[in-house]
Amino acid sequence: MSQSVLLPPGPFTRIQAEAVTAAYRNITTEDDQGSHFRLVVRDPEGLMVWRAWNFEPDGGAGLNRYIRQYGITKEPSAL
């Protein structure tokens, strides 16, 4: 994948979160409450490095920092 998939700097939608989780192996949706949920970024060993609720005012900005640093893209055949 030549270009990384990132979130908007503020709150993010489920569709935006699904695009990110589809692009990276180590980013998942957790604590899904239907109307709100958290995205979690894990390091290569599986340890959580950052998480944010979709409604947080700067949730996307915080996640993007860790996506850039820790994001492990899926193989193109897996997309």
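Modeller: Before we start, partly exposed here means a relative accessible area between the buried range, under 20%, and the exposed range, over 50%. And keep in mind that this is a predicted model.

Biologist: Got it. So is aspartate 31 buried, exposed or partly exposed?

Modeller: Aspartate 31 has 33% relative accessibility, so it counts as partly exposed.

Biologist: And which residue does aspartate 31 form a salt bridge with?

Modeller: That would be arginine 38, with the closest N and O atoms 1.9 Å apart.

Biologist: What about arginine 38, buried or exposed?

Modeller: Buried, because its relative accessibility is 15% and the cut-off for buried is under 20%.

Biologist: Okay, how many salt bridges does the structure hold?

Modeller: Three. One of them joins arginine 42 to glutamate 30, with 2.9 Å between the closest N and O atoms. Arginine 42 sits in strand β2 and glutamate 30 in strand β1, so this pair ties together parts 12 residues apart in sequence.

Biologist: How accessible are arginine 42 and glutamate 30?

Modeller: Arginine 42 is partly exposed at 26%, and glutamate 30 is partly exposed, also with 26%.

Biologist: Switching to helix α1: which residue does arginine 14 meet in a salt bridge?

Modeller: Aspartate 32, at 2.9 Å from N to O. Aspartate 32 is in the loop between β1 (27-30) and β2 (38-42), while arginine 14 belongs to helix α1 (residues 14-23), so the pair links distant parts of the chain, 18 residues apart.

Biologist: And what are the relative accessibilities of aspartate 32 and arginine 14?

Modeller: Aspartate 32 comes out at 43%, partly exposed. Arginine 14 has 29%, and counts as partly exposed too.

Note on methods:
Residues are numbered from 1 along each chain as its sequence is written. This is a predicted model: local features need pLDDT of at least 70, side-chain atom pairs count only at pLDDT 80 or more; totals for chains, interfaces and linings use all residues. Side-chain values use heavy atoms; hydrogens and water are left out. A salt bridge is a side-chain nitrogen of Lys or Arg within 4 Å of a carboxyl oxygen of Asp or Glu. Helices (H or I, at least four residues) and strands (E, at least two) are DSSP runs, numbered from the N terminus. Buried means under 20% relative accessible area, exposed over 50%, partly exposed in between (1.4 Å probe, protein chains only).
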